[in-house]
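Reader: I want a close look at one part of this fold, the aromatic core and what surrounds it. Please keep it brisk and give cut-offs as you go.

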Amino acid sequence: MINNFNYLRISVTDRCNLKCRYCEVNPSAKLRPDDILSFEEIAYIARLTAQMGVKTVRITGGEPLVRKSITGLFKMVSEINGIEEVSFTTNGINLDLYASELFNLGVKRFNLSLDTLDRSKYFELTGGGRLEKVIDNIRLAREIGFSPIKMNVVALKGINDGEIFDFIDFASKNGLILRFIELMDISANAGEFFSRHFMPVGDIKNIISSKYKLSPCTGGANECGFKGAGPAAYESCENGLKIGFISPVTSHFCDGCNRLRLTASGILKSCLLRSGETNIMKMIRSGATEEELKKTIQNIFDNKEKARGEFSEKNIMFPNMSQIGG
Ligand code: SAM
């Protein structure tokens with residue numbers, strides 16, 4: 001049995017309909033259809049992990065809502081015994097295509113990535129994305145009943161640090177939970193972008209505190225009135241908004257990490273930044289038994305302890321976030 005590792009994050013594709021500058025997809029690195037997990041394989045792995053303690057599944061990418069017939073996968077995963085919650089992370093562009101169907105399948109919450117509220121900046125930062133589409137889709141998702149919707153903003157010095165109060169106003173008006181995330185130096189060409197635009201969470205808090213008092217939710221997300229299983233530290237903003245701060249760079253959250261990650265290419269990882277890789281897809285395709293697979297999964301769980309703190313020792317470089325799934 002797997003201690004407290006109860007959260008599985010599944011990247012269903014390395015493709016995306018945006019090209020965010022800090023998460024740039026290298027077109028030549030696109031996986032071929034045969035090299036990504038099928039829905040049946042994903043559901044099989046999810047079922048095995050559920051038997052070992054996983055209760056929460058998040059579907060991510062690339063952009064999960066660009067994978068064909070994606071609602072079929074949500075249905076398969078939702079029906080697995082032991083899985084209590086399925087959610088997803090999206091850039092919101094294709095939400096209108098699937099929101100109602102997902103909600104009817106029992107998916108009630110999602111995280112939305114949105115790094116600027118300025119139309120032309122959004123177009124530039126995302127390589128051509130239309131901000132109006134995302135905003136319309138947030139409205140639609142709220143009308144359908146999704147809650148909570150967490151809006152994730154990667155803090156980018158010189159790009160969106162002048163919009164912090166706009167984000168607060170926008171999240172407050174639209175009933176969103178706002179979360180600021182530190183930029184990680186993780187993608188192939190990130191070095192220069194990172195050094196130019198990295199902004200520590202402490203700087204964001206200082207800016208907010210110049211206008212609003214922030215008080216830590218000492219009891220975690222629950223004290224803030226909603227459930228949160230992730231690495232965010234929540235604070236209550238004087239205007240009533242709950243704001244999460246995720247600081248993978250300035251303060252590691254390895255100790256509280258309860259998750260495993262499955263990449264679209266079938267690699268089960270105990271840590272976003274750990275290089276040890278086990279390709280479960282290849283094992284399945286070469287005929288591994290359920291017992292062998294479970295033993296491998298158990299080993300990955302067991303080795304997670306060793307992974308803790310590794311990020312603090314050295315900054316391990318990965319091809320890019322769109323392959324791992326954020
Ligand atoms: N396409 C979906 C989306 O946009 O939410 C899901 C995948 S995306 C890789 C998941 C998250 O990773 C997004 O919130 C994105 O902002 C974040 N991300 C990507 N690269 C990052 C980086 N270098 N540092 C911090 N967050 C990053």
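Author: The tour below starts with the whole, goes to one helix, then to the rings, and ends at the ligand. This is a predicted model, so local features need pLDDT of at least 70 and side-chain atom pairs pLDDT 80 or more, while totals for chains, interfaces and linings use all residues. Residues are numbered from 1 along each chain as its sequence is written, and side-chain values use heavy atoms, without hydrogens or water.

First, the frame. The protein has 12 helices and 12 strands (DSSP runs numbered from the N terminus: H or I of at least four residues, E of at least two). Of its 326 residues, 55% count as buried (under 20% relative accessible area; exposed is over 50%, partly exposed in between; 1.4 Å probe, protein chains only). Among contacts with a separation of 6 or more, 75% join residues 24 or more positions apart (contact: heavy atoms within 4.5 Å).

Now helix α3, residues 95-104. Its buried residues are Leu95, Tyr98, Ala99, Leu102 and Phe103. They span an arc of only 130° around the axis, so they lie on the same side of α3 (the arc uses directions from the axis to the C-beta atoms). The general rule is simple: an α-helix has 3.6 residues a turn, so residues three or four places apart point the same way. On the other side of α3, Leu97 and Asn104 are exposed. The cover over the buried residues of α3 includes α2 (70-78), β3 (85-90), β4 and α5. After α3 comes Gly106, with a positive phi near 105°.

Next, the rings. Rings of Phe, Tyr and Trp (its six-membered ring) pair if their centres lie within 6.5 Å; planes under 30 degrees apart are stacked, over 60 edge-to-face, the rest tilted. The count is 10 aromatic pairs. In one of them, Phe110 and Phe146 have ring centres 5.2 Å apart and planes at 75°, so this pair is edge-to-face. The pair ties together distant parts of the chain: Phe110 sits in strand β4 (110-113), Phe146 in the loop between α5 (131-144) and β5 (149-155), 36 residues apart. Both Phe110 and Phe146 are buried.

Phe103 of α3 joins them. One aromatic cluster holds Phe74, Phe88, Phe103, Phe110 and Phe146. Phe103 also meets a charge: the charged end of Lys108 sits over its ring, 3.7 Å from the centre (NZ of Lys or CZ of Arg within 6 Å of the centre and within 35 degrees of the ring normal).

Strand β3, part of the cover over α3, also holds Thr89. Thr89 counts as buried because its relative accessibility is 11%. Beyond neighbours within four places in sequence, Thr89 touches residues including Arg9, Thr60, Glu63, Asn111 and Ser113. The C-alpha atoms of Thr89 and Thr60 are 5.2 Å apart, across 29 residues of chain. The side chains of Thr89 and Arg58 make a polar contact of 3.1 Å (N or O atoms within 3.5 Å; within protein, one able to donate a hydrogen and the other to accept it, and sequence-adjacent residues count only if both atoms are side-chain atoms).

Last, the ligand. Around it are 17 residues, of which Tyr22, Gly62, Glu63, Ser113 and Met184 come nearest (a heavy atom within 4 Å). A polar side-chain atom of Glu63 lies 3.0 Å from a ligand nitrogen. A polar backbone atom of Met184 is 2.9 Å from a ligand nitrogen. A polar backbone atom of Thr90 lies 3.4 Å from a ligand oxygen.
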